[in-house]
Amino acid sequence: MSSKKSRLDLLVRVRYLNPIPPPPFPPKLFNVPTDVHRLGEPSYLDHLASSAPLPMLVDAEMGMPLNLNEFTGVWENADSTLNPDVDPARALDPTDALLLAPIRPVTESNGENKSTAEVSWMRNSTLFTRKTGAKKKELARAARSEPLVDASLAAQIMAIDKSFVDLGDTPVEEMRHPDPKKSSLRVVETYDILPDAETWGNAYYLIKFPERPSGSTAAKPSAGASSPRLGQAVLRPVREDDQQLMEYYLPEEEHLERLSEAYEQPISSEQLEELRTLMEEDADDPRIDDMFKYALYDRIRTYEVVSQDLPKKEVLLTIDERPSKRARGAYYKDINMRTSLRKTRVNGQESWDKTRVGFRDAFEDEMDVRRKAAVKVSEPGWVNEQLREIRGTNEAEGLGEAI
């Protein structure tokens with residue numbers, strides 16, 4: 001078999017599309033103050049320059065002696081020897097006279113300078129050069145015709161609100177997917193995307209397990225767990241020898257009903273203090289079981305925390321279609337932390353093989369933290385109040401300036 005090689009092996013004709021439009025707003029610039037006193041003087045590096053030896057022997061004249069005494073009258077401002085006059089008797093050829101004329105760039109009729117198109121050394125044809133030049137002219141013309149964009153905060157808020165208004169006026173039957181490859185998709189149902197004010201005060205963690213959580217342990221590797229039992233799992237954080245661990249607990253199967261009763265009958269703050277005092281005296285006192293409702297949990301496995309970071313793309317989304325007090329829609333809540341776990345073994349004394357899990361009433365300071373967090377989405381004027389505290393003005397009043 002014979003194969004014919006191409007002469008242009010270095011040319012790869014691949015076109016990469018970039019349909020992403022340019023950002024409508026310029027980037028924000030921050031003025032970072034610089035303390036001049038922190039800057040160093042140039043003389044700070046003199047000792048480094050003096051300690052670096054030169055790679056050659058150089059005299060005071062740097063190897064290029066200039067003896068001006070050979071020229072007559074150089075010290076009396078008579079530099080005729082250095083700059084001799086042109087012989088006036090010598091005739092200059094007309095062809096050479098054109099070379100002495102001043103350089104004047106050739107201009108087009110519209111006054112713009114002609115400039116040759118930049119062509120790489122791998123040019124394959126003149127048509128490529130013409131296309132490149134035409135594309136540059138089109139881009140320059142488009143850049144000149146682009147309208148000025150108002151990048152103020154009020155204009156950005158109005159632009160975002162306008163996108164919702166435009167989409168709300170479009171009938172569902174006429175909505176199309178923005179991707180041309182998915183133009184066959186149609187909108188079946190729409191939901192209002194709203195912040196979940198009921199759960200905004202709660203902290204949610206996205207935890208990645210190395211395997212599917214189950215009830216199997218080292219002693220019973222084939223043990224399973226029902227879905228209600230897995231739904232009531234508890235993770236207990238433990239710090240041991242500068243190592244962050246997570247202990248995974250599951251309730252006992254016969255204690256699932258007791259867990260529901262314990263949730264409906266939480267203990268008060270006074271009962272909690274009595275319970276703590278009794279457990280400090282004797283943790284095995286039988287009176288503890290009679291003081292509050294609880295469920296027994298078994299330690300299944302211990303995990304090591306591999307990484308923790310703030311999620312940037314994941315949110316908690318709840319689609320509520322049930323008839324309730326709030327409107328039907330999709331309610332979102334941000335996730336506070338994303339954690340990755342892996343299996344490990346613990347040899348310390350901080351592990352609990354069994355533990356009691358009950359419920360108590362929330363403290364007043366905990367309720368205040370939840371109320372302050374829920375105000376961010378429940379009160380319409382919260383954003384304006386924060387902007388007023390930061391900048392001293394009401395940003396809502398400046399919306400009219402962007403029209």
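Glu 314 touches Leu 206, Ile 335 and Arg 338, leaving aside residues up to four places away in sequence. This is a predicted model, so take the side-chain details in that spirit. Glu 314 sits in the loop between strand S5 (295–309) and strand S6 (315–320). With one of those neighbours the link is polar: the side chains of Glu 314 and Arg 338 are joined by a contact of 2.9 Å. Glu 314 isn't hidden away entirely, as its relative accessibility of 28% makes it partly exposed. Look also at Lys 333, which is 19 residues from Glu 314 along the chain, with 9.6 Å between the two C-alpha atoms.

From here, step over to strand S7. S6 and S7 run antiparallel and are joined by six bridges. Strand S1 (residues 193–195) runs parallel to S7 (residues 329–334), with three bridges between them. Tyr 331 is a handy landmark here: Thr 318 stands opposite Tyr 331 in S7, and so does Leu 194. The ring of Tyr 331 has company too, with the charged end of Arg 326 sitting over it, 3.9 Å from the ring centre.

Now for a hairpin. Strand S3 (residues 234–240) and strand S4 (residues 243–251) pair in the antiparallel sense over seven bridges; Val 238, for instance, has Leu 245 in S4 as its bridge partner. Two residues lie between S3 and S4, and Asp 241 in that turn has a positive phi of about 55°.

On to the rings: the whole structure holds six aromatic pairs. One of them is Trp 200 with Tyr 332, edge-to-face, at 5.9 Å centre to centre and 80° between the planes. Trp 200 lies in the loop between S1 and strand S2 (205–208) while Tyr 332 is in strand S7, so this pair ties together parts 132 residues apart in sequence. Trp 200 is buried, at 16% relative accessible area, whereas Tyr 332 is partly exposed at 30%.

Tyr 263 and Phe 359 make another edge-to-face pair, 5.2 Å centre to centre with 85° between the planes. Here too distant parts of the chain are linked: Tyr 263 belongs to helix H6 (residues 256–264), and Phe 359 to the loop between strand S9 (354–357) and helix H9 (364–378), 96 residues apart. Tyr 263 is exposed, with a relative accessible area of 60%, and Phe 359 is partly exposed at 30%.

Two more stops: Phe 209, Tyr 248 and Tyr 303 form one aromatic cluster, and the charged end of Arg 360 sits over the ring of Phe 363, 4.1 Å from its centre.

Technical notes
Residues are numbered from 1 along each chain as its sequence is written. This is a predicted model: local features need pLDDT of at least 70, side-chain atom pairs count only at pLDDT 80 or more; totals for chains, interfaces and linings use all residues. Side-chain values use heavy atoms; hydrogens and water are left out. Helices (H or I, at least four residues) and strands (E, at least two) are DSSP runs, numbered from the N terminus. Buried means under 20% relative accessible area, exposed over 50%, partly exposed in between (1.4 Å probe, protein chains only). Contact means heavy atoms within 4.5 Å. A polar contact is a pair of N or O atoms within 3.5 Å; within protein, one must be able to donate a hydrogen and the other to accept it, and residues adjacent in sequence count only if both atoms are side-chain atoms. Two strands pair if DSSP finds at least two bridges between them. Rings of Phe, Tyr and Trp (its six-membered ring) pair if their centres lie within 6.5 Å; planes under 30 degrees apart count as stacked, over 60 as edge-to-face and the rest as tilted. A charge sits over a ring if NZ of Lys or CZ of Arg is within 6 Å of the ring centre and within 35 degrees of the ring normal.
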